[in-house]
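Hello,

Please find the structure below, as agreed. My notes on it follow.

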Amino acid sequence: MKKAILKYPFLMQMGHGFLAFYRGMFGLLRGRRGSWDHLRSSWSFVRRCSSISGHPINVTLEPINACNLRCSVCETGAGILGRSPQAMTFPEFQRIIDKISPHTNTLMFYFMGEPFLHKDAYRMIRYAKKKNIPFVTSCTNGDVVNPEKLIESEIDEINFQIGGITQQTHQTYRQGSRLDRVLDNLEKTVLARNQSGAKTQIVCGFILMKHNEHEAQAFQSMMAKIGVDRALIVDPCVRNIEQAQRMLPRDRTHWAYDPAALERGILKPRISPRNSCPWIYYSLTVQVNGDVVPCCRDPKGQYIMGNLLRQDLDEIWNGKKFQDFRKKLLTDQKHIDICRLCSGFGVSRVK
């Protein structure tokens with residue numbers, strides 16, 4: 001069945017369509033914000049429209065594009081982001097949240113930087129929750145988190161990510177990080193959550209790579225002892241052949257890339273999208289200066305659709321640039337640079 005779906009993309013489109021309407025209706029029955037927008041966007045998705053009837057319900061927002069670490073695969077850590085280090089001001093954050101919050105179901109409070117380097121990070125999260133965004137989540141390297149302020153911010157989910165369970169393996173990728181400090185912050189976050197009775201979901205991800213894959217089972221045991229809600233094995237991302245050969249684990253089940261192509265010196269996704277991407281019907285990404293790009297695959301800002309500090313959401317979401325981008329994706333996706341290493345994101349969930 002899986003081979004048939006890959007051979008006939010219209011079957012995948014149909015499957016995504018049924019899933020889209022199911023998730024929208026399930027959200028509507030639960031009274032979740034963004035459900036009507038999800039259903040309207042799903043109607044546009046199944047009809048393969050370049051103009052979308054609903055508003056984006058998933059928003060990735062970048063409070064800061066600087067980081068304290070030097071992770072080699074990350075454009076920020078490698079020093080190749082091509083955007084000057086910057087922090088969004090609190091008034092700018094408010095202006096953007098005020099524009100998107102009536103439709104936003106999920107706010108992803110991070111992008112190309114360590115969000116908790118921002119002096120107003122916890123205040124920003126609290127503001128988003130006061131605007132009744134149902135689900136606010138963030139991802140952190142864990143080095144600079146303040147556990148008490150994090151829980152007090154009323155964040156719905158926090159995801160710590162580590163590179164190993166010893167300092168040696170952890171710092172191989174998480175260059176500049178101290179594992180003992182990260183684990184201490186993680187333990188204190190669990191403690192603060194438990195003592196306060198907050199509902200924050202605490203997740204820890206283990207970035208699986210060749211140098212640390214022997215620690216995966218021990219990681220699970222460590223997280224069970226700490227008391228996190230979920231311990232995840234994170235499939236690694238790479239940007240080129242050299243990184244793939246050096247970093248991808250021996251266990252190929254955790255590869256997002258085509259093993260046969262890699263043996264020929266070609267880096268390509270295991271599953272390449274064929275002129276389809278459900279995710280762009282439900283989401284957008286806002287960079288630190290207010291620029292809007294289609295998704296998280298555009299860290300350098302190659303495809304700027306508009307600016308939320310200067311324009312309204314509707315003007316950008318169904319503006320000419322976004323519609324032209326969608327038309328290109330629906331007809332000639334293989335020539336869109338940011339899609340080249342993407343295995344595709346599925347239909348958005350309604351939290």
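**The central sheet and its surroundings**

In this structure, strand β1 (residues 58–61) and β7 run parallel and are joined by four bridges. Please keep in mind that the model is predicted.

Across that pairing, V59 of the protein stands opposite L284 in β7. On its other side in the strand order, β7 is followed by β8. Two bridges join β7 to strand β8 (residues 291–293), and this pair runs antiparallel. Here V286 has V292 in β8 as its bridge partner. The hairpin of β7 and β8 has four residues between the strands, and G290 in this hairpin takes a positive phi near 95 degrees.

The side chains of β7 deserve a separate remark. In a regular strand, side chains alternate between the two faces of the sheet. Strand β7 covers residues 283–286: S283 and T285 point one way, L284 and V286 point the other way, and all are buried.

These strands belong to an open sheet of nine strands with mixed pairing, in the order β6-β5-β4-β3-β2-β1-β7-β8-β9. The edges are taken by β6 (230–234) and β9 (306–307); each has a single partner strand, so one side of each is left without a neighbour in the sheet. Elsewhere in the sheet, strand β2 (residues 106–109) runs parallel to strand β3 (residues 135–140), with three bridges between them. In this pair, T106 stands opposite F135 in β3.

Next, a residue in a helix. Is S44 buried or exposed? S44 has a relative accessible area of 0%, so S44 counts as buried. S44 lies in helix α3, which spans residues 35–46. The S44 side chain reaches the backbone nitrogen of S53 at 2.9 Å. Apart from its neighbours within four places in sequence, S44 is in contact with C49, S51, I52, S53 and Y281.

Last, the surface. Which residues form a nonpolar patch there? The patch consists of L19, Y22 and F26, which together have about 300 Å² of accessible area. L19 is placed in helix α2, residues 9–29. The relative accessibility of L19 is 32%, so L19 counts as partly exposed. The cut-offs behind that label are 20% and 50%, with partly exposed in between.

That is what I have for now.

Regards

Note on methods
Residues numbered from 1 in each chain as written. Predicted model: local features only at pLDDT ≥ 70, side-chain atom pairs only at ≥ 80, totals over all residues. Heavy atoms only, no water. Buried < 20%, exposed > 50% of the residue type's maximum accessible area, 1.4 Å probe, protein only. Polar contact = N/O pair within 3.5 Å; in protein donor to acceptor, adjacent residues only side chain to side chain. Contact = heavy atoms within 4.5 Å. Pairing = 2+ DSSP bridges. Patch = residues over 30% accessible without salt bridge, like charges linked within 9 Å, V, L, I, M, F, W, Y side chains within 5 Å. Areas by Shrake-Rupley, 256 points an atom, 1.4 Å probe, with all protein chains shown as cover. Salt bridge = Lys/Arg side-chain N within 4 Å of Asp/Glu carboxyl O.
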